[in-house]
Every structure is written in C-alpha cells, then in structure tokens.
Amino acid sequence: MRKQRFEASKSGSKPWQVFLSIGCSLAVLVCFWFGTSFVSDKTNQQEIQTLHRAIGRGIVHCYAIEGSYPESLQYLKDNYGLTYDEEKYFIDYQVLGSNILPDVTIIDRRNRL
C-alpha cells in the first residue's frame, strides 16, 4: 500500500514539544515586554531632562534680558514661549527672590502609585 503525501501522521506531537513551543513563545513575549518597558522608561527620563533644560534656559534668558528671574512659570509661558504637556507633568516653581535662581521640580503625573 502506498503512503499518501498529505495523509495525517498517526504519531502526533509529543507533550514535551507542546510545552517547549509554549515556553519559547512565553519567553519571547516576556523579552518583548521588558524591552518595551525599558525603552519607555528611558524615553520618559529624557523627556523630563529636556523639559528641565528648557525651563532653565528660559529662566536664564529672562534674567539676562530683564535683570531678574521670572516671577512665575506662567510668565515663562507667556513671554518666553515655554510649552509642555500639563497633563503629563506637574512643575513646582518656587520663587526665592528676584535675584535668586528659582527652585524647579518636575513631577511625572503618570508615575503615581
């Protein structure tokens, strides 16, 4: 009797082969998840650093032109073109005096526990 080319094999797959393929699939998914999480964290850190530098440049630019530091963050937005996503970041801007560099703290609102 001749064996057909597309005839199903009666041997079937072994249980260890099924577990091996599931394990490999899970390993790939876990590696992908950790990789995207790592890249996302690095991107968030870089966004905060960029925002901090932009605020610092605006503060120094204002001091160089006007002779005093800006009295509020809104002043930087209105007069020096500072823009940022207010839903993502909270900026605590503490003025210590007209001739003392303001204290700036940036908080990522998305990382609240």
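Here are a few friendly notes on this predicted model, point by point.

1. Helix 1 is a good place to begin. It covers residues 15-66, and its 52 residues should span 76 Å at 1.5 Å a residue. The C-alpha atoms at its ends are 76 Å apart, so the expected and computed spans agree. After the helix comes G67, which has a positive phi, near 85°.

2. Which residues of helix 1 are buried? They are N44, L51, I55, G58, I59 and C62. The cover over these buried residues includes helix 2 (73-80), strand 1 (89-94) and strand 2. For C62, the relative accessibility is 1%, so this residue falls well under the 20% limit for buried.

3. Strand 2 (residues 103-108) includes D108, a residue you may like to look at with the side chains switched on. With a relative accessible area of 8%, D108 is buried. What does the side chain of D108 make a polar contact with? Its partner is the side chain of R110, at 3.1 Å. Setting aside neighbours within four places in sequence, D108 is in contact with N44, I48, K88 and Y89. Of these contacts, N44 is also listed among the buried residues of helix 1.

4. Now to the rings. How many aromatic pairs does the structure hold? There are 3. One of them joins W33 and F34 in an edge-to-face arrangement, with 4.9 Å from centre to centre and 65° between the planes. Both partners are open to the surroundings by the accessibility criterion: W33 is exposed at 53%, and F34 is exposed at 52%.

5. Y63 and Y69 make another pair. Their ring centres are 4.3 Å apart and their planes meet at 20°, so the pair counts as stacked, the cut-off being under 30 degrees. Is each tyrosine buried or exposed, or in between? Y63 is partly exposed, with 33% relative accessibility, whereas Y69 is buried at 16%.

6. Finally, the cysteines. How many disulfides does a search of the whole structure find? The result is 0. As a reminder, a disulfide is a covalent bond between the sulfur atoms of two cysteines. The surroundings of two cysteines can be set side by side: C31 is exposed, with a relative accessible area of 57%, while C62 is buried at 1%.

How values were computed:
Residues are numbered from 1 along each chain as its sequence is written. This is a predicted model: local features need pLDDT of at least 70, side-chain atom pairs count only at pLDDT 80 or more; totals for chains, interfaces and linings use all residues. Side-chain values use heavy atoms; hydrogens and water are left out. Rings of Phe, Tyr and Trp (its six-membered ring) pair if their centres lie within 6.5 Å; planes under 30 degrees apart count as stacked, over 60 as edge-to-face and the rest as tilted. Buried means under 20% relative accessible area, exposed over 50%, partly exposed in between (1.4 Å probe, protein chains only). Helices (H or I, at least four residues) and strands (E, at least two) are DSSP runs, numbered from the N terminus. A polar contact is a pair of N or O atoms within 3.5 Å; within protein, one must be able to donate a hydrogen and the other to accept it, and residues adjacent in sequence count only if both atoms are side-chain atoms. Contact means heavy atoms within 4.5 Å. A disulfide is a pair of cysteine sulfur atoms within 2.5 Å. The expected span of a helix is 1.5 Å times one less than its number of residues.
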